[in-house]
Amino acid sequence: MIERSLGQIAKMLNAVLADPNSSGLMIKGVTTDSRTVEKGNLYIPLIGEKFDGRIFIKECQDAGASAFLVDKDFKITSGIKIPHIIVDDTKKALQDLARAYKDQLDIKTIAITGSNGKTTTKNIMASVLASKYKVEKTKGNLNNDIGLPKTILSLNEDTQIGILEMGTDNFGDISLLTNIARPDIAIIMNIGDSHLENLKTKEGIAKAKLEILEGLKEDGIFIYNGDDPTLKKVLPQVKIKQKVISFGQNEDVDFRVKAEGETRQKTSFSKDGNLYSVPLLGSHQVYNGACCLLIGEIFGLSYDEINYGLLNVTSEANRNALIECHGFDILDDAYKSNPQSLHQGLETTKILGGYVRKIAVLGDMLELGDNEKELHYQAGKDIDPNDIEYVLCYGRLSKYICLGALENFPKNRVKHFDNKDDLIDYLKLLIIKSSLVFVKGSRGMHMEEVIESIKYLRV
């Protein structure tokens, strides 16, 4: 984490230290959350539409914070004794401090974006590179204009490689992030239907993701999924001065791998006669693994080092994880959903054999824009009745999944719910011995509540 004197931090921000006598005070780490303050922290209070972090300055002082930032218009109350730096805008100061700290580190930085798979790829990549290097990565989903600066400021000075995830909702989001991080390698995993509400088209999503190139160092490398149809369509129109490498399974990519099959325990692929596996489910893991294999080779790792890292990655909660319960299993993919990731999840259920009943429990896919109803309908129509026996849906939009599913399913095997508790009660009646329950929905639907309600069930 950042460890600098208050005077150094003021200089990094080109800001005013209210008490020059405190310039030698050492700061250890930064927080924007009054609930996570640790001794020696610099507290950066953020101001939003519904919150004002400045009201917690005294609380942070009592919890051990050594100093804080504050905008020039805020009046310091008599109970606040710790020193402070005066800035124009505390969120911008957080970003500026992260940019300045990153410039002082001797570190290689990899930035990853994409509609699907960026978090899993980040985790696989960290596991691979950790075979040889000291690696740190974005924790959880801290991939926005606040999370990314906090991630950078949490990096230790002896870190050799930092892997940073970059998310987007609107044009300009990734432009900001990449210009803070100044990556050595920029990666786009794919272009899906996420964020169509703001970005309107897949080409618009690609344009937003390609903002990652704005901060890429001149001697950097741009890596992308060469099988992605939208990227293939858009990239010829983009001038890229850095080295470019495409990966995928088609013949026209620079770094080509071959899928070698899936089991309940792993997904395998090969490159130049060498076999690799990741202990994760789904054919899409071939792309995640291929990208990480490419990065491993760029950083000079051996076959054994790369394979060890691939095999020792673990899945994050609610991301395509198979949970073994008492007499049945849950395929937990409740973290997010869009048409592409839902299709991938349903394809994963097909490779999971040995079940007498498979039940798909699906929540709304959010932020899909003007065609959200049509996209839900098509997703339901694509569900295979020869693999899935029952389709249960929850949410305003998921009723269109049900309507689409009814194109191929009998009425008694498709049911929509407006109330999650009612869905859970009905689901419990359907689960029999040797069932597989596939649970998926956008984050805002909180479909993990379904999983928590059934995973201790005994059948």
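Here a trainee and a mentor talk through a predicted model and the reasons behind the words used for it.

Trainee: Let's start with Q95. Why is Q95 called buried?

Mentor: Set the value against the cut-off. Buried means under 20% relative accessible area, and Q95 has 8%, so Q95 counts as buried. Q95 is found in helix 3, residues 90-104.

Trainee: And what does Q95 touch?

Mentor: Leaving out residues up to four places away in sequence, Q95 touches D145, P149, L176 and I180. Contact here means heavy atoms within 4.5 Å.

Trainee: What makes Y377 partly exposed?

Mentor: Its relative accessible area is 27%. Buried would be under 20% and exposed over 50%, with partly exposed in between, so 27% makes Y377 partly exposed. Y377 lies in helix 13, residues 372-381.

Trainee: Which residues is Y377 in contact with?

Mentor: If you set aside its neighbours within four places in sequence, they are Y400, I401, L403, G404 and E407. There's also a distance for Y377 and C402: they are 25 residues apart in sequence and 7.3 Å apart in space, C-alpha to C-alpha.

Trainee: Now a strand. How do you know that strand 19 is largely enclosed by the rest of the structure?

Mentor: Count its residues. Strand 19 covers residues 328-333, and six of the six are buried, so the strand is largely enclosed.

Trainee: Which way do the residues of strand 19 point?

Mentor: F328, I330 and D332 point one way, while D329, L331 and D333 point the other way, and all are buried. In a regular strand, side chains alternate between the two faces of the sheet.

Trainee: What makes strand 18 and strand 19 a pair?

Mentor: Two strands pair if there are at least two bridges between them. Strand 18, residues 321-324, is joined to strand 19 by four bridges, so the two count as a pair, and they run antiparallel. E324 stands opposite D329 in strand 19. The hairpin of these strands has three residues between them, and G327 takes a positive phi near 100° there.

Trainee: How many bridges join strand 19 and strand 23?

Mentor: Six, and the pairing is in the parallel sense, with strand 23 spanning residues 435-440. The bridge partner of L331 in strand 23 is F438.

Trainee: Let's look at the sheet of seven strands. Why is one side of strand 9 and of strand 14 left without a neighbour in the sheet?

Mentor: The sheet is open, in the order 9-10-8-11-12-13-14, with parallel pairing. Strand 9 (135-137) and strand 14 (255-256) stand at the edges, each with a single partner strand, so one side of each has no neighbour in the sheet. Helix 10, residues 285-298, packs on this sheet and touches strand 8, strand 11, strand 12, strand 13 and strand 14. The direction of helix 10 makes about 140° with that of strand 13.

Trainee: How do you know that strand 8 and strand 10 pair?

Mentor: Pairing needs at least two bridges, and strand 8 (residues 108-113) and strand 10 (residues 161-165) have five, in the parallel sense. In strand 10, E165 is the bridge partner of I112.

Trainee: What about the sheet of three strands?

Mentor: That open sheet has the order 15-16-17, and its pairing is antiparallel. Strand 15 (258-262) and strand 17 (274-278) are at the edges with a single partner strand each, so each has one side without a neighbour in the sheet. Neighbouring strands here are turned by 25° against each other on average, direction ignored. Helix 10 lies across strand 15, strand 16 and strand 17, at about 45° to strand 16.

Trainee: Last topic, the second largest pocket. What makes V30 one of the residues to name in its lining?

Mentor: The lining has 14 residues, and V30, T31, T36, K150 and S154 lie nearest the centre of the pocket. Helix 5 gives the most to the lining, with four residues.

Trainee: How do the residues of that lining divide?

Mentor: Into four nonpolar, six polar and four charged. As for the space in the second largest pocket, there is about 360 Å³.

Terms used:
Residues are numbered from 1 along each chain as its sequence is written. This is a predicted model: local features need pLDDT of at least 70, side-chain atom pairs count only at pLDDT 80 or more; totals for chains, interfaces and linings use all residues. Side-chain values use heavy atoms; hydrogens and water are left out. Buried means under 20% relative accessible area, exposed over 50%, partly exposed in between (1.4 Å probe, protein chains only). On a 1 Å grid over the protein atoms alone, a cavity is a set of points where a 1.4 Å probe fits but cannot get out, and a pocket is an open set with protein on both sides within 12 Å along at least five of seven lines; lining residues have an atom within 4 Å of a point. Grid points are joined across faces, edges and corners, and a volume is the space filled by probe spheres set on the points. Ala, Val, Leu, Ile, Met, Phe, Trp, Tyr, Cys and Pro count as nonpolar, Asp, Glu, Lys and Arg as charged, and the others, Gly among them, as polar. Axes are lines fitted to C-alpha atoms, for helices over the stretch in contact, and angles run from 0 to 180 degrees between N-to-C directions.
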